[in-house]
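Got a minute to walk through a fold together? Here it is, followed by some questions and answers.

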Amino acid sequence: MAFTLSGKLVVAISSRALFDFEEENRIFESTDDSAYMKLQLDRLGIAAQTGVAFPLVKKLLAFNEEGEQRVEVVILSRNDPVSGLRVFRSAEHHGLHLERGVFTRGRPPYHYLRSLHANLFLSANEDDVRATIDAGFPAARVYPESSKTAESHPNEIRIAFDGDAVLFSDEAEQVFQSEGLVAFVDHESKNAAIPLPPGPFKPLLEALHRLQRTTSEKGMRIRTALVTARSAPAHERAIRTLMAWGIDVDEAMFLGGLSKSEFLREFEPDFFFDDQTGHCQSAASVAPTGHVVSGVSNRQKSED
């Protein structure tokens, strides 16, 4: 019987998100891919240092037990196949059991996400992330320089999400940006009982919710948090939307303009996802962070 990824939590991840290839990437950007390939081949026996998403991947793989593989992590990279050798060797050196990888040598890799049944793609390449989201898959541009202090809580994965343009559509955010805060609050109050359309990260939250309900002999758990600039009374529509989806989050923070980074410092997420670069840059100082290149804020940026 053929192996299948269907029904598993599948995370596709680029080599730069999993390992620290920033020096090698600078060579690639300043010269050409042949110099990059030579450097990677010369360093084949030298394991790369861990990258920003490594702690998250390590914890996710801990959900797998003999006879029960609940999580699959696949390398999905613009690297060439030769450079991919170093990626797999580095994974083995650091004790990550990775079996599958797709290396496209410069071609946008998002084409393979459907075949992988991917629930998430993490990459340091903004163009790839934008194309992935446009194709209908959850994706985030990682900040390689993000803090990795959230490696605590070895038996618990903590994921924090922004709301609008991440878990939810940017419907309400469009009202806020075009008409202001008063119109936004009025709009959300009037529509409190109407669930928001799903945003790009709803499929990931659903997959985490399914994994959260499984039992693990290793005692692995998942804890999720909604961290949003919404405040009362606009909070009600967000809560009712999650209720309509049949999904629980463990914590919800309605901050009304307060700095998210201070609350993330206390929550200690293994990853935080937000659509606004300002919030991401602030959060990256305290937690691994991914920029969700989605919604009206990022459309405006791409048009400028």
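**Helices, sheet and core**

The axes of α3 and α5 come within 9 Å of each other and cross at roughly 35 degrees (axes are lines fitted to C-alpha atoms, for helices over the stretch in contact, and angles run from 0 to 180 degrees between N-to-C directions). Helices (H or I, at least four residues) and strands (E, at least two) are DSSP runs, numbered from the N terminus. This is a predicted model, where local features need pLDDT of at least 70 and side-chain atom pairs count only at pLDDT 80 or more, while totals for chains, interfaces and linings use all residues. Residues are numbered from 1 along each chain as its sequence is written, and side-chain values use heavy atoms, with hydrogens and water left out.

Q: Which residues of α5 meet α3, and how does their contact divide into nonpolar, polar and charged?
A: On the α3 side you have Tyr-36, Met-37, Gln-40 and Leu-41, and they meet Val-82, Ser-83 and Arg-86 in α5 (contact means heavy atoms within 4.5 Å). Ala, Val, Leu, Ile, Met, Phe, Trp, Tyr, Cys and Pro count as nonpolar, Asp, Glu, Lys and Arg as charged, and the others, Gly among them, as polar. That makes the contact of α3 with α5 four nonpolar, two polar and one charged.

Q: Where do the buried residues of helix α3 fall, seen down its axis?
A: The buried ones in α3 (residues 33–42) are Tyr-36, Met-37, Leu-39 and Gln-40; buried means under 20% relative accessible area, exposed over 50%, partly exposed in between (1.4 Å probe, protein chains only). Lys-38 and Asp-42 are exposed on the other side of α3. The buried residues fall within an arc of 160 degrees, so they line one face of the helix (the arc is that of the directions from the helix axis to the C-beta atoms).

Q: In what order do the ten strands of the open sheet run?
A: Strands pair if DSSP finds at least two bridges between them, and the pairing in this sheet is mixed. β3 (100–103) and β8 (251–254) are the edge strands, each pairing on one side only. The order is β3-β2-β1-β4-β5-β10-β9-β6-β7-β8.

Q: Why is strand β6 largely enclosed by the rest of the structure?
A: Glu-156, Arg-158 and Ala-160 point one way from β6, and Ile-157, Ile-159 and Phe-161 point the other way. β6 is largely enclosed because its buried residues number six of six.

Q: What are the bridge partners of Ile-159 in β7 and β9?
A: β6 runs parallel to β7 (residues 221–228), with six bridges joining them. It also pairs in the parallel sense with β9 (residues 271–274), over three bridges. So which residues sit across from Ile-159? In β7 the partner is Thr-224, and in β9 it's Phe-271.Q: Is Lys-260 buried or exposed?
A: Lys-260 has its place in helix α12 (residues 260–267). Leaving aside neighbours within four places in sequence, Lys-260 is in contact with Asp-162, Val-227, Thr-228, Ala-229, Leu-255, Phe-272, Asp-274 and His-279. At 6% relative accessibility, Lys-260 counts as buried.
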